[in-house]
Structure formats: structure tokens, C-alpha cells
Amino acid sequence: MELFKNEAPAAAANFIDLVTQKYFEGLAFRKINKDERLQIDVKKEGAKTHTLPFEKTYRDADYGSLVMVRKPDVSENSGTEFQILLKSVDDLKDVTVFGKLLTEEVPVMATVRKIEESDVIEEVKVEPARKPPPAPEPALEPVELEEISSLEEVQPGDSKGGDDIPLIS
């Protein structure tokens, strides 16, 4: 999962906070619009709900996106509800897309697609981002040689070269 901390900082930080507090553990999923989206139910007992400012993001609401739930006619996002999009939703406009499941990791999305209505979350963890591989060593830069302006012929026994210079014929 990738969180878009630069584009939706409040939503991303809030999500990490909730995971750290184990807020989602024991909550059930429900499906929205058949198999279009998964949403996590909110805690009903003893949970303090809060809202977040709406953060306009310019990402498409596509397959694997994490979006904040925004109630109709409200200018804020729910602080505890989000959805996982199981397919692209063209008519989902003015939402905060705060992350994405890494869809190139096929096992992740295959698992998400198997989630059924009322399946319960057992555990959610925050792990540090994977470090990118080290950058390759920079190539050696070519060195310019000084221009040779003249050549002198050196003879064996010449004081400029000495006897150790082989003759080339």
C-alpha cells in the first residue's frame, strides 16, 4: 500500500494514526454498489468519530485506490471511514484519494477481491516503506588530455631521455 502523504497529508496521517491505535481491528467490511467498493464499518460503541478537512486530490478514483468517505452535502471527510475501490469509478468526483493498494502486486489484490461482506479485520500494521535499491555508481567521466604542441626526437644517450628509453624503428 502506498499513501499519498504529499497530496493528502491529513488523510494519510489520520489513517496511520488509526492503524497505530488498532482502530480497525475487529471491524467488518461491507460492499458498496455490489462489487464496486469495500468500506469498513465504523465503531458503534465508545468510538469517538471525527471529521477531516476535505483535501482535493487530482488522482483518478481507479482500481485499488483508497478514498475517504465524504457524506453528501458536507464539506468534510469522515475521519474513520474509507473505501477500497475494486474497480475504477468514473462518476466518483470530489473525493480525497489518499492512497493506493499496489495493484502490480497481484497477490494483494487477489486477496482483497476475496473479501466478503461481514469479513472482519484481524490485524492491520504500519510498516516502513521499502527502501529503493541503491543508485548505480556514477560512470567515470572522460578526462580531457592536454593538447600536444610539439614532439622532440630523443636519441639514446641524450641528456633529455637517457639510455633507458627503447628505440623504436
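**Exercise 1.** Leaving aside its neighbours within four places in sequence, which residues is phenylalanine 82 in contact with? Place this residue in the core to which it belongs.

*Solution.* The model studied here is a predicted one. Beyond the neighbours within four places in sequence, phenylalanine 82 is in contact with Phe15, Phe24, Leu38, Gln39, Ile40, Leu66, Val67, Met68, Val69 and Phe98. The next step is to look at the largest nonpolar core, which has 23 residues, and in which Phe24, Phe82, Ile84 and Phe98 touch the most other members. Two or more residues of this core come from each of helix H1 (9–20), strand S3 (37–40), S5, strand S7 (82–85) and helix H2 (106–113), and H1 gives the largest share, four residues. A second core, separate from this one, consists of eight residues, among them Ala61, Leu85, Leu92 and Val97. As general background, nonpolar side chains tend to be buried together in soluble globular proteins.

**Exercise 2.** Work out in what order the six strands of the open sheet are arranged, and which strands stand at the edges.

*Solution.* Read across the open sheet, the order of the six strands is S1-S8-S5-S7-S3-S2, and the pairing is antiparallel. Strand S1 (2–3) and strand S2 (29–32) each have a single partner strand, so they stand at the edges and one side of each is left without a neighbour in the sheet. For a pair further inside the order, take strand S5 (residues 65–68) and strand S8 (residues 97–100), which pair in the antiparallel sense over three bridges. Within this pair, leucine 66 stands opposite glycine 99 in S8.

**Exercise 3.** Find the salt bridges of the structure, and explain which parts of the chain are tied together by the pairs glutamate 7 with arginine 59 and lysine 100 with aspartate 62.

*Solution.* The structure holds three salt bridges. In one of them the side chains of glutamate 7 and arginine 59 meet at 2.7 Å, N to O. Because glutamate 7 lies in the loop between S1 and H1, and arginine 59 in the loop between strand S4 (51–53) and S5, this pair ties together parts that are 52 residues apart in sequence. Glutamate 7 is partly exposed, with a relative accessible area of 35%, and arginine 59 is partly exposed as well, at 36%.

Another salt bridge joins lysine 100 and aspartate 62 at 3.0 Å, N to O. Lysine 100 lies in strand S8 and aspartate 62 in the loop between S4 and S5, so the parts tied together here are 38 residues apart in sequence. Aspartate 62 is partly exposed, with a relative accessible area of 26%.

The remaining salt bridge is formed by arginine 37 and glutamate 36, whose closest N and O atoms are 2.8 Å apart, and both of these residues are buried.

Notes:
Residues numbered from 1 in each chain as written. Predicted model: local features only at pLDDT ≥ 70, side-chain atom pairs only at ≥ 80, totals over all residues. Heavy atoms only, no water. Pairing = 2+ DSSP bridges. Core = buried A, V, L, I, M, F, W, Y, C linked by side-chain atoms within 4.5 Å. Buried < 20%, exposed > 50% of the residue type's maximum accessible area, 1.4 Å probe, protein only. Contact = heavy atoms within 4.5 Å. Salt bridge = Lys/Arg side-chain N within 4 Å of Asp/Glu carboxyl O.
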